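Got your viewer open and a hand on the mouse? Let's walk through this model together, one selection at a time.

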Amino acid sequence: MLFDTHAHYDAEQFDQDRDAVLASLPGRGVSLAVNPGCDIPSSRRAVELAHEWPFLYAAVGYHPEECGPCGPAELDVLRELARDPRTVAIGEIGLDYYWEENPPRELQQRVFRDQMALARELDLPVIVHDREAHADSLAIVREFPQVRGVFHCFSGSAEMARELVKLGWMVSFTGVLTYRNARKAVEAAQAVPLDRIMIETDSPYMAPVPHRGKRNDSGYVRHVCEKLAEIKGISFEECARITLENGKRFYRIP
């Protein structure tokens, strides 16, 4: 069975058929999934969905693109949501320097630090979004040696992946591994030991080949596992078992 460690089922792309998609996942080989929030409403919805579906867990946090409103009151709301038994992480948090219209870098960094501190306080792992902000993301992570985490949808170099492994962190890969121009992601996956790798879809985005361009869902995590197994020179079954165990250990899921 497969563990999709990052999928956004609160997203509007699932509004028409969310229940049908979620109900289909066990029959498509998916035994677990984590739904990270991106702001207060989506974090609340992630927790609600995790209570509705026994194989679904939640993470709560402010995505860097949405972090503008995050202050002490909002952190208090996240703190309460994070104490829910179905919440397994603080996320999706981090830095995104790609879009010019994103909140200012200084604000993103402050909110990132605030949420890292919250994770430290609550002894929860974090899910980090890092886009075009590799050096600053790594620097802030180093400020919190007590916090465990994963860089999701990893887009950094093999060298950066090795640095994260040295820090005790996990690295997670999406359907990007299956893309023709994915040499950098493949090299990073080659550099990460099997016990530090997780797989994900980042649904509804970034569907893998042969579904690229379509709405993604957790059933397609199989293609990520197939490609990672090929990269690592192991069987699909072994890759599925290892990534499932890694995800359960990281999120402390029994």
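What follows is a tour of a predicted model, with a selection to make at each stop.

**Stop 1: the sheet**

Switch to cartoon view and look for the strands. Eight of them form an open sheet, in the order S1-S2-S3-S4-S5-S6-S7-S8, and the pairing is parallel. Now pick out strand S1 (2-4) and strand S8 (197-199): these two stand at the edges, each with a single partner strand, so one side of each has no neighbour in the sheet. Turn the view a little to look for the twist, which averages 25° from one strand to the next.

Next, select S1 together with strand S2 (residues 30-36). The two pair in the parallel sense over three bridges. Which residue in S2 is the bridge partner of Phe 3? Click on Leu 32, and you have found that partner.

**Stop 2: strand S3**

Move along to strand S3 (residues 56-60). Are its residues buried or exposed? Five of the five are buried, so S3 is largely enclosed by the rest of the structure. Show the side chains and check both faces: Leu 56, Ala 58 and Val 60 are on one side, Tyr 57 and Ala 59 are on the other, and all are buried.

Now look at what S3 pairs with. S2 and S3 run parallel and are joined by four bridges, with Val 34 opposite Tyr 57. S3 and S4 are parallel too, joined by three bridges. Here Val 60 has Ile 90 of S4 as its bridge partner. Keep Ile 90 in mind for the core stop.

**Stop 3: helices on the sheet**

Select helix H4 (residues 105-122). This helix packs on the sheet, where it touches strand S4 (87-96) and strand S5 (126-131). Its direction makes about 160° with that of S4. Then add helix H5 (residues 134-142), which lies across S4, S5 and strand S6 (149-151). H5 runs at about 135° to S4.

While you're here, click on Glu 132, in the loop between S5 and H5. Its phi is positive, about 55°, although Glu 132 is not a glycine. With a relative accessible area of 52%, this residue is exposed, because the cut-off for that is over 50%.

**Stop 4: the cores**

Time for the inside. The largest nonpolar core has 72 residues, and those touching the most other members are Tyr 9, Ile 90, Met 116, Val 126, Phe 154, Phe 173 and Leu 177. There's Ile 90 again, in that list. The largest share of this core, six residues, comes from helix H8 (residues 221-232). Another core lies apart from it, with 15 residues, including Phe 3, Val 34, Tyr 57 and Ile 127.

Zoom in on Val 126 for a closer look. Setting aside neighbours within four places in sequence, its contacts include Ile 90, Met 116, Trp 169 and Phe 250.

**Stop 5: a cavity**

How many cavities of 30 Å³ or more are there? The count comes to one. The largest cavity has a volume of about 30 Å³. To find the spot, select the residues that line it: Cys 153, Phe 154, Phe 173, Thr 174, Val 176, Leu 177 and Ala 185.

Then pick Ala 182, in the loop between strand S7 (170-173) and helix H7 (183-191). Not counting residues up to four places away in sequence, Ala 182 touches Val 176 and Leu 177, both of which line the largest cavity. At 5% relative accessibility, Ala 182 is buried. Try the distance tool on the C-alpha atoms of Ala 182 and Ser 155: these residues are 27 apart in sequence and 9.8 Å apart in space.

**Stop 6: the loop between S8 and H8**

Finish in this loop. Select Ser 203 and Pro 204, which are joined by a cis peptide bond with omega of about 10°. Further along, the bond from Val 209 to Pro 210 is also cis, with omega near 15°. Met 206 is found in this loop, and its phi is near 60°, a positive value in a residue other than glycine. Met 206 counts as partly exposed, at 28% relative accessibility.

Last click: His 211, in the loop as well. His 211 is buried, with a relative accessible area of 17%. Leaving aside neighbours within four places in sequence, His 211 is in contact with Tyr 220 and His 223.

Terms used
Residues are numbered from 1 along each chain as its sequence is written. This is a predicted model: local features need pLDDT of at least 70, side-chain atom pairs count only at pLDDT 80 or more; totals for chains, interfaces and linings use all residues. Side-chain values use heavy atoms; hydrogens and water are left out. Buried means under 20% relative accessible area, exposed over 50%, partly exposed in between (1.4 Å probe, protein chains only). Contact means heavy atoms within 4.5 Å. A nonpolar core is a set of buried Ala, Val, Leu, Ile, Met, Phe, Trp, Tyr and Cys residues joined through side-chain atoms within 4.5 Å. Two strands pair if DSSP finds at least two bridges between them. Axes are lines fitted to C-alpha atoms, for helices over the stretch in contact, and angles run from 0 to 180 degrees between N-to-C directions. On a 1 Å grid over the protein atoms alone, a cavity is a set of points where a 1.4 Å probe fits but cannot get out, and a pocket is an open set with protein on both sides within 12 Å along at least five of seven lines; lining residues have an atom within 4 Å of a point. Grid points are joined across faces, edges and corners, and a volume is the space filled by probe spheres set on the points.
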